[in-house]
2 protein chains.
Amino acid sequence: VLGSGGGGRVDVGLMVAGNALAKHGPVKLLDPDELDELDPDGLVLPLASMGAPTVHLEQFSSGDEPKLIRDEVERALGKRVVAVMSTEIGGTNGVEPVAHAAQLGLPLLDADGMGRAFPEVHQVSMHVAGLKVGIVVAADVAGNVVTIWPKEARWAEHLTRLVCVAMGSVALTTDHIMRVAEVSGAVVPRTVSHALSIGAAITGDERGRVSELVTALDGYRLLTGKIVDVERITAGGFARGAVLIEGMGEDRDRLLRVEFQNENLVAVEDGVVLVTVPDLITVVDAQTADAVPCELLRYGQRVTVVVAPCHGIWRTDAGLAVVGPRAFGYDCDYVPVEERLGDKRDADQGGPP
Amino acid sequence: VLGSGGGGRVDVGLMVAGNALAKHGPVKLLDPDELDELDPDGLVLPLASMGAPTVHLEQFSSGDEPKLIRDEVERALGKRVVAVMSTEIGGTNGVEPVAHAAQLGLPLLDADGMGRAFPEVHQVSMHVAGLKVGIVVAADVAGNVVTIWPKEARWAEHLTRLVCVAMGSVALTTDHIMRVAEVSGAVVPRTVSHALSIGAAITGDERGRVSELVTALDGYRLLTGKIVDVERITAGGFARGAVLIEGMGEDRDRLLRVEFQNENLVAVEDGVVLVTVPDLITVVDAQTADAVPCELLRYGQRVTVVVAPCHGIWRTDAGLAVVGPRAFGYDCDYVPVEERLGDKRDADQGGPP
């Protein structure tokens with residue numbers, strides 16, 4: 001759900017995390033308020049799989065990658081890693097760090113760098129908070145390790161992307177490594193707990209799940225309908241496209257277009273932009289409320305489009321500069337989803353679709 | 001000449017070296033026998049520009065790359081760099097390390113890792129001698145530094161190649177970094193002196209230069225003639241092709257085909273393979289004896305094809321495995337140039353063409 005259409009499928013990550021927990025035992029989820037229990041000079045290691053989700057479905061990791069990265073980070077920076085964090089909470093990257101923490105015997109920080117999913121290295125809260133990208137370390141299933149000392153943030157994305165391609169289009173990566181003392185204000189807090197509460201909301205009785213989800217997200221149900229068209233092109237290394245959803249029931253005679261680039265970016269109705277990135281736009285199954293990632297959108301699916309506010313850090317000028325609609329090529333200003341839809345919430349949230 | 005058609009044009013390297021010598025003062029050329037003057041645990045840093053020679057003609061280095069690499073190597077390996085070496089003596093890579101040594105204030109070892117030019121990372125004498133590729137460090141004009149810890153040698157080539165592409169297709173790189181105590185037997189000795197003696201041989205009176213060159217190389221004049229055809233394709237990141245040379249004068253009625261992949265690989269006459277890689281096949285101007293790199297071969301040029309024995313390390317089974325004709329896709333065995341042409345030497349070396 002938090003992947004907003006991107007971040008890869010969760011099921012592979014769930015298997016990886018389950019296996020690691022069975023082998024290494026439980027992982028401590030560390031609340032951001034508990035950080036003062038750790039050495040302030042210790043390192044928090046944000047981890048994420050980079051590359052093509054389609055490849056990652058077939059090429060599993062060896063399980064050695066977290067250790068290879070940890071060892072190289074400690075060697076390169078001369079400090080100890082004391083906690084792991086998910087770089088992005090959306091998709092498989094929100095789940096796999098549980099495995100990494102288990103393998104390393106380290107706590108998992110209840111936070112991430114996005115509060116959702118974004119495609120590029122610099123699109124993290126740490127960047128908006130003014131922290132440097134520092135080094136990027138990538139490790140692959142073959143045991144190769146590459147350390148990148150980029151001159152500036154945009155070089156980090158460019159160099160890491162091609163290293164990832166050379167590694168077979170899947171690599172475990174870390175960037176924006178923080179000292180414990182730098183974490184406060186630089187991460188999106190308690191997103192692991194948030195993901196767990198979303199999971200709890202959509203695992204009860206099927207009736208009412210979408211409503212429960214909207215409540216858990218403090219969001220809005222935008223429209224329920226049938227997918228009548230999906231466009232997809234692969235351009236510039238990304239999956240770009242759009243999905244057209246024809247309203248059903250109380251939404252009949254409405255037509256919503258959601259455009260995506262790995263993640264859902266904008267929702268448009270009758271030529272009017274309703275919601276844009278960085279707010280969350282998630283397409284879910286109209287019955288089960290399970291999220292449908294962009295790559296699995298298909299003609300005929302009955303879906304509900306759910307939208308929700310992003311974390312406040314993305315609404316600052318610095319945040320919008322890296323993930324606002326213009327950062328993705330849309331010539332429109334960002335308007336918070338509550339401002340556009342605030343009056344519709346009560347009416348739409350009444351009952352199940 | 002030693003580039004055997006590859007290694008890039010020398011003129012840019014000469015300018016870079018000249019500027020660095022003017023700015024930093026002379027560089028000590030260190031004979032391999034003088035290595036025992038250095039800390040046996042110190043590091044010898046082989047340096048080479050990687051990428052597309054055509055790009056390197058337009059994108060000069062910043063001059064900071066050697067220092068960025070030296071600092072990262074010392075940090076990563078925890079030992080001091082005490083000397084610089086050219087990874088390949090052929091082409092611009094034989095000359096630019098003079099600049100790198102000047103910038104670092106270090107001696108330049110009178111040796112290299114090829115005794116000629118080869119296209120790939122593992123095609124070095126250090127690899128044949130059983131030394132590990134170790135780390136690869138690449139630095140670019142923008143100030144980015146990437147350190148690669150490859151699992152094995154073929155990964156080093158693959159990862160470094162794409163890092164080089166990400167850096168704009170030109171990067172300064174080091175690999176097969178040696179401790180001083182490991183150098184003996186792992187490098188091709190005195191190739192800088194050899195290059196200087198070749199230069200001296202072809203800077204005198206134009207008459208007889210080709211003969212002087214053949215003598216300096218301890219090689220053979222294969223044929224003198226006119227280029228009547230050049231084929232070129234760019235495939236797999238390499239410049240592949242062939243040149244057809246029609247004999248003139250005493251070589252009239254002969255037709256020689258030289259095939260290349262960045263470097264000249266085989267010389268064929270009447271369907272008979274005369275000379276193959278790793279022996280040197282160099283096309284030179286028939287009058288001036290200046291080497292003509294593969295990318296500058298043109299219809300109508302009057303040229304002489306000069307061939308010479310490679311260093312003995314390439315004639316071992318381990319050497320031929322990485323640079324023999326089969327390593328480049330030719331289904332033929334390597335026969336040393338002296339065995340094929342030994343009886344022709346006296347007749348052909350008599351006088352100027």
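This report looks at where chain A and chain B meet in a predicted model.

A few ground rules come with the model: local features need pLDDT of at least 70, side-chain atom pairs count only at pLDDT 80 or more, and totals for chains, interfaces and linings use all residues. Residues are numbered from 1 along each chain as its sequence is written, chains are lettered from A in the order in which they are written, and side-chain values use heavy atoms, with hydrogens and water left out.

Let's start with area. The two chains bury about 1,800 Å² between them, with 57% of it on carbon and sulfur atoms; buried area here is the accessible area (1.4 Å probe) lost on being put together, summed over both parts. On the chain A side, A:N144, A:W149 and A:A166 lose the most, together 29% of what that side buries.

Here are the counts, with contact meaning heavy atoms within 4.5 Å:

| Item | Value |
|---|---|
| Chain A in the contact | 22 residues |
| Chain B in the contact | 22 residues |

Next come the strands, which are DSSP runs (E, at least two residues), just as helices are (H or I, at least four), numbered from the N terminus. β6(A) pairs with β6 of chain B (residues 145-149) in the antiparallel sense, over five bridges; pairing takes at least two DSSP bridges. One of the residues involved is A:W149, whose bridge partner in β6(B) is B:V145.

As for salt bridges (a Lys or Arg side-chain nitrogen within 4 Å of an Asp or Glu carboxyl oxygen), the rule finds zero across this interface.
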